[in-house]
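Please examine the structure shown below before reading further. The explanation begins with one residue and then moves outward to the helices around that residue.

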Amino acid sequence: ENYVKLHRLEPAERHFRMCLQFEPDNAQALWHLGRVLGWLDKDQQGEAMFRRSLQSAKDTQEQIDAGVAFAGFLQERERDEEAVEFLKRAVELRPKHRLAWSMLAQCYGRMGMRKKRQQARNKYLELQAQTDREEDAYLLDLLKQHSRRKADQGDGKESPPSPGRVPADED
């Protein structure tokens with residue numbers, strides 16, 4: 001994955017192929033290799049890796065991840081109709097998948113399907129707003145907890161005496 005971030009695609013390809021020598025049905029390694037092969041203009045090989053990753057997915061989450069990754073590969077090649085099928089499946093399995101909704105809106109837009117584009121975009125924006133509200137509530141809760149702990153512990157400094165109050169002598 002780090003090779004990909006550094007745009008060192010040939011070493012990334014070798015890395016993922018090595019991973020597959022040890023675990024040939026690793027869905028994540030397969031779809032990562034598919035992405036790298038696509039970026040190296042090895043589209044047929046890349047597509048074959050994505051299809052293998054879909055077959056190798058062990059659970060629903062891996063199926064969703066592989067499908068959305070493959071949809072991105074297809075989108076980059078302007079194969080929006082095919083991408084839509086994988087994205088629709090992703091949002092059926094996980095209705096709150098923001099990236100899939102966003103990608104669906106892009107595909108529908110390029111396909112000239114304005115109404116569907118707007119519906120997908122609205123769903124994406126709704127989910128984004130919900131996530132923002134949840135994150136805001138979470139951060140506010142953290143701040144409250146921190147303030148309570150700080151108040152419970154005190155700041156370690158003694159408070160000055162109240163006006164009109166004489167501190168007691170300590171013997």
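**From one residue to two helices**

In this predicted model, Glu-13 counts as buried because its relative accessibility is 11%, and the cut-off for that class is under 20%. Glu-13 belongs to helix H2, which comprises residues 9-22. Leaving aside residues up to four places away in sequence, Glu-13 touches Leu-33, Val-36, Leu-37, Leu-40 and Lys-42.

Consider next helix H2 as a whole. Its 14 residues reach 20 Å from the first C-alpha to the last, close to the 20 Å expected at 1.5 Å a residue. Besides Glu-13, the buried residues of H2 include Leu-9, Pro-11, Ala-12, Phe-16 and Leu-20. A general property of helices is useful when reading such a list: an α-helix has 3.6 residues a turn, so residues three or four places apart point the same way.

Attention may now turn to helix H3, which is formed by residues 27-39. From its first C-alpha to its last, H3 reaches 19 Å, close to the expected 18 Å for its 13 residues. H3 is mostly covered, with 10 of its 13 residues buried. Among these buried residues are Leu-33, Val-36 and Leu-37, and each of them is touched by Glu-13. The buried set also includes Ala-27, Trp-31 and His-32.

The two ends of H3 deserve a closer look. At its start, a side-chain oxygen of Asn-26 comes to within 3.0 Å of the backbone nitrogen of Gln-28. Just after H3, Asp-41 adopts a positive phi of about 60°.

Note on methods
Residues are numbered from 1 along each chain as its sequence is written. This is a predicted model: local features need pLDDT of at least 70, side-chain atom pairs count only at pLDDT 80 or more; totals for chains, interfaces and linings use all residues. Side-chain values use heavy atoms; hydrogens and water are left out. Helices (H or I, at least four residues) and strands (E, at least two) are DSSP runs, numbered from the N terminus. Buried means under 20% relative accessible area, exposed over 50%, partly exposed in between (1.4 Å probe, protein chains only). Contact means heavy atoms within 4.5 Å. The expected span of a helix is 1.5 Å times one less than its number of residues. A polar contact is a pair of N or O atoms within 3.5 Å; within protein, one must be able to donate a hydrogen and the other to accept it, and residues adjacent in sequence count only if both atoms are side-chain atoms.
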